[in-house]
Amino acid sequence: MNNLSTITIDTAAAGEERINPFIFGHFVEDIRDHMDAMLAFTLKDMDFEEEAASHGVSAGWYPVTNGKNTQYSLEPAAPKHSGHSQRIRILSDDRCYGGIAQRVAVKGGMTYRLSLVARAAIELKALVCELVDPETGDQLGKAELELRNHNWQTYEFELTALKSHERAELRLLISSEEEVWRDSTGSGMLWIDHVSMLPEDSVGFVKREVVEMTRQLKPGMMRLAGNYISAYHFEHAIGPVFERPNMVNEAWGGWTNKYFGTDEFLAFCQATDTEPLICVNAGTGTPEEAAAWLEYCNGDESTPYGALRVKNGHPEPYRVRYWEIGNEIYGPWQHGHCTAEQFAERYIRFSEALKLVDPEVVLLACGDVDPAWNRTLLSAAAEHIDMLTLHIYHGSATVGIHPDTSKEARYAAVSSFPEISRAIINQASELINSDTRYGHVKLAITEYNTMYYPNTIRKGLPNEHTLEAAVANAANLNEFIRQSNLVQIGSYSDLVNGWLGGCIRVGDHYADQYRGKIAGWSGKSQTVYGTPTYHVMQLYANRPIASVVPVQTECGSYPWEGSRPQFGLAATPLPTLDVAACIDDSKQVLTVFVVNRGLEPEEVDIHALAFEQEQAVIWEIGADDYEVINSVFEPERILATERSLAISNDGHLRVRLRPHSVNVLELRR
């Protein structure tokens, strides 16, 4: 049986505050495979930074030779480079070829741009780069380079793949088959310091598909931050990319990605028409370093760091307006962890240094969902704060989900996301309203998502990819919209892969949904697709909304078990429908965001007061099972579907909503 609900919207009482499009923002971080998935480079271990795994070859590569005496070793890097160089030595007497290889996925007909930094013994005249089908031995592409010098040289060349192959072998080979030399001390040796391979359709260093899908998200703002930022020093990732140092990612392990530094991040923001937000290192960094970073971005060529940016090929200042000081400094997992009192003092020093460089910047201070931290911070530093940040991850920490939580109880808990956010935002709002010194401060939710940790892999499928998560995230966006007089920024975590929350997914990477379920390689590592939450965010952000209008909803309810004690929400029935409504600047378009959190269909009567609609359209994101996901095998299983709605002669509008579905209605006069 369908339930009958009513939604009444008073369009004549639209709020005065404008909805900031930054609430639909996103977040990039050097976490796990986020950068590997986002960037277009097809090769790993491009600078031979790994230690030798076997036979003296850097761990990301393996030896290829038909000789008996080919030698491999890691040696110091080229001047101004870091990591290692890979040395390969073949002997004339072997009459052989020798080199290194790596498995790589290629697209048929695609031309790849390769860069190689190498030097060679004088008797070596050529290096062959070839793509090979390792199963058949068929050659898929070949390029031959003249080795010009015993000194380090940079070689640029192209290679076109004749056909697509998921696990092709890229080989770099030298040969003694047609040359003769004496096998003396310095003969037959090649050193390689860097090798990279980019498809010609990449946008800078970023995958074309990622750029295009990000544009479709219309994200408004893109945040560069995360745990790694508290041990990150921006000067390590500016300037010539080959000369940037290889640095350990102290937050997440592995290597910090030096190919996506400040200039690359800001180029990505420009390519996606997105306002940048940069979080400075307030953990191991200093106010002077933060000021230098700001000067690099915004200073003209008369300033030391502005001049450095110009030297690096970027003559015009970027004019980055939004700067965040500190990422989760309240947490013991963070470099520079400290008390609220210590951070307040630190924040003031950082803010003063940044304002000296550019008085027009908007500064965000690291807040916490714990009101005690925020109270101390605001008391000491409110005059220096434009926005207070909150990170809201909904799952085990907020509603106590654990691996043994039943499916039904988990769904009810996850779909309570807006209630949790409302409690956290209301606590911050009460604090801001408690003192006139704080009245100017706004909120920035600079990280949020569902997070079912530690139950991230359930029957081989991560909950974060499901329609269930999309329903929760959509209802949470409704809360951001309702609270948009205070909430100015939202940053969905993460944009690409990274951990299980990334809304753009790229094939077989660290957090692929088949980890732990299907052994081996899917054969679709180049498939790029959106999760159900991706389609929610695309749908929301592309609507013409300007201000919030009041909504009254009458509907059924469902039980849930309440929040963790610190959020103060007892077990109580929650409304099945979560609704927010907005009107555009022209007052001609009314948008109603309706999330049916219930497990039954809902018949809903829509009453738009003072709004005589002539057209009505609905977009729906739903499925029969709330655990459905998109995947490399079915990348479009969950999409937004559009249909027109019939309006009765008296302006009455009734719509049927599927269970656990996200619905957006657009009414036009």
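Biologist: Which strand is Leu131 found in?
Modeller: Leu131 belongs to strand 10, residues 126-132; strands are DSSP runs of E with at least two residues, and helices are runs of H or I with at least four, numbered from the N terminus. This is a predicted model, in which local features need pLDDT of at least 70 and side-chain atom pairs count only at pLDDT 80 or more, while totals for chains, interfaces and linings use all residues. Residues are numbered from 1 along each chain as its sequence is written, and side-chain values use heavy atoms, with hydrogens and water left out.

Biologist: Is Leu131 buried or exposed?
Modeller: Leu131 is buried, with a relative accessible area of 0% (buried is under 20%, exposed over 50%, partly exposed in between, with a 1.4 Å probe and protein chains only).

Biologist: Turning to strand 13, which side chain does Glu166 make a polar contact with?
Modeller: Glu166, in strand 13 (residues 165-175), contacts the side chain of Ser525 at 2.4 Å. A polar contact is a pair of N or O atoms within 3.5 Å; within protein, one must be able to donate a hydrogen and the other to accept it, and residues adjacent in sequence count only if both atoms are side-chain atoms.

Biologist: And helix 12, how many of its residues are buried?
Modeller: Nine of the 10 residues of helix 12 are buried, so this helix is largely enclosed by the rest of the structure. Among the buried residues are Pro532, Tyr534, Met537 and Ala541.
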